[in-house]
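Reader: I would like a close look at a single part of this protein, taken slowly and set against the rest of the fold. Please choose one helix and work outwards from there.

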Amino acid sequence: MGKIEDIKYLEIKVKECIEIILQEYKEILPADHVRHLCDLLNNESNVLMGEVGINCFYSSSQEKIIFPLQYYAIIEELKKTDKRFSTEKNRRFVSDENKIVNDNNYFTFFEYAIVAGLMAREVFEMFTLHETMHLCGATGNDMLSEAFTELKTRELSLKYGIETACCNYSDEVKIAIELQKIFGKDLCDKLIFVPNDMKMDFLRTKCKEEYAELYQQINVELNCQMHEYQNRRYSVDGINGVKTLVLLYSNKNYDGIYRMIEEFKSKYLYDNGLS
Ligand SMILES: [Zn+2]
């Protein structure tokens, strides 16, 4: 099957994801945002493929999801070296039980993709929902935005039964879950669509100053710890690039962040009997 067929296939998958995002969030999104999502459903093209390193991403300047052509070569390379290829065709990467909280990363995902004999289009499909969330206005770039976008991706994947890799930002998702327990799910559903430079004001208005401060402090620490990973993300290539990213990803320590969350809870929640 050629790349043009794969793009056509992904265009359909992206539209299926937009339908689900509309269904899930249309009540909480402003009317003009809902209209924009309806326009995306009528768009002829929401997808491109290109020589863009090893990450799928949403390009806001092109308003399209970009899938890396390198995946074709990576899959061929891995097939040659992994003798187990295609022997566990029906094995799933994640089950409903570990879809939201797991320790997966790109490499464990690619290993699975080879063993399960996935074609390139099926590999791309696994990243489609997260990127369609961005296409539909869910924020990215900074780590906490990405963590919440991935958490919402995993929640939708579980709720609507969409195949999703669930291998992005696994450790940051765990932190987003802790914050969601504090902020509440309804607020976090809205928060992902608030532009990054307005998130603090949004939290100040909807909660209190200390909630906004907690969000910002954690975001600063996450971005600091993941600085090198994020910097190298778009400049590595091939299967070695995947390995490099996984190594960089493991090189962090979030103990301080969990301490911030515990301190916040004991100061503002337990005392008030709110937790
Ligand atoms: Zn993202």
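Author: What follows starts from helix α4, then moves to the elements around it and to other parts of the chain.

The model is a predicted one. The protein has 14 helices and three strands, and its C-alpha trace spans about 60 × 40 × 35 Å along the principal axes. The radius of gyration is 19 Å, which agrees with the value near 19 Å that a compact globule of 275 residues would have. Buried residues make up 32% of the 275 residues, and of the contacts between residues at least 6 apart in sequence, 68% join residues at least 24 apart.

Helix α4 covers residues 106-115, and within this helix Phe109, Phe110, Tyr112, Ala113 and Ile114 are buried. These buried residues pack against three other helices, namely α3, α5 (120-126) and α13 (238-250). Just after α4 the chain reaches Gly117, whose phi is positive, at about 65°.

The α3 side of this packing can be followed through Ile74, which sits in helix α3 (residues 70-81). Ile74 counts as buried because 22 C-beta neighbours lie inside 10 Å, where the cut-off for a buried residue is 20 or more. Leaving aside neighbours within four places in sequence, Ile74 is in contact with Phe110, Gly238 and Ile239. Of these partners, Phe110 is one of the buried residues of α4, while Gly238 and Ile239 fall in the range of α13, residues 238-250. Between the C-alpha atoms of Ile74 and Met119, which are 45 residues apart along the chain, the separation is 11 Å.

Lys79 is also found in helix α3, but with 14 other C-beta atoms within 10 Å this residue is partly exposed. The C-alpha atom of Lys79 lies 8.4 Å from that of Gly117, although 38 residues along the chain stand between the two positions; Gly117 is the residue with positive phi just after α4.

The α5 side leads into the nonpolar core. The largest such core has 61 residues, and the members that touch the most others are Ala113, Val123, Phe124 and Ala147. Ala113 is one of the buried residues of α4, whereas Val123 and Phe124 fall within α5, residues 120-126. Setting aside neighbours within four places in sequence, Phe124 is in contact with Asp6, Leu10, Cys56, Phe67 and Tyr71. In soluble globular proteins, nonpolar side chains tend to be buried together.

Farther along the chain, α10 and α11 offer a helix pair that can be described in detail. Helix α10 (residues 199-206) and helix α11 (residues 209-225) pack at an angle of about 150°, with 7 Å between their axes, and α10 passes α11 in a right-handed crossing. From α10, Lys199, Met200, Leu203 and Arg204 meet Glu209, Tyr211, Ala212, Tyr215 and Gln216 of α11. Sorted by class, this contact holds five nonpolar, one polar and three charged residues.

The loop between α10 and α11 contains Cys207, which is partly exposed, with 16 other C-beta atoms within 10 Å. Cys207 and Phe183 are 24 residues apart in sequence, and their C-alpha atoms are 7.9 Å apart in space. Within α11 itself lies Ile218, a residue that counts as buried because 25 C-beta neighbours lie inside 10 Å. Not counting residues up to four places away in sequence, Ile218 touches Leu144, Ile175, Ile257 and Met260. The C-alpha atoms of Ile218 and Asp103, 115 residues apart along the chain, are separated by 20 Å.

Two loop residues deserve a note on their backbone. Most residues other than glycine have a negative phi. Tyr169, in the loop between α7 (143-160) and α8 (170-183), has a positive phi of about 50° although it is not a glycine, and with 25 other C-beta atoms within 10 Å Tyr169 is buried. Glu63, in the loop between β2 (57-59) and β3 (64-68), also has a positive phi, near 55°, but Glu63 is exposed, with 12 other C-beta atoms within 10 Å.

Conventions. Residues are numbered from 1 along each chain as its sequence is written. This is a predicted model: local features need pLDDT of at least 70, side-chain atom pairs count only at pLDDT 80 or more; totals for chains, interfaces and linings use all residues. Helices (H or I, at least four residues) and strands (E, at least two) are DSSP runs, numbered from the N terminus. Two residues are in contact if their C-beta atoms, placed from the backbone, lie within 7 Å. Axes are lines fitted to C-alpha atoms, for helices over the stretch in contact, and angles run from 0 to 180 degrees between N-to-C directions. A crossing is left-handed if the near helix is turned anticlockwise from the far one by less than a right angle, and right-handed if clockwise. Ala, Val, Leu, Ile, Met, Phe, Trp, Tyr, Cys and Pro count as nonpolar, Asp, Glu, Lys and Arg as charged, and the others, Gly among them, as polar. The radius of gyration is taken over C-alpha atoms; the globule rule is 2.2 Å times the number of residues to the power 0.38. A nonpolar core is a set of buried Ala, Val, Leu, Ile, Met, Phe, Trp, Tyr and Cys residues joined through C-beta atoms within 7 Å.
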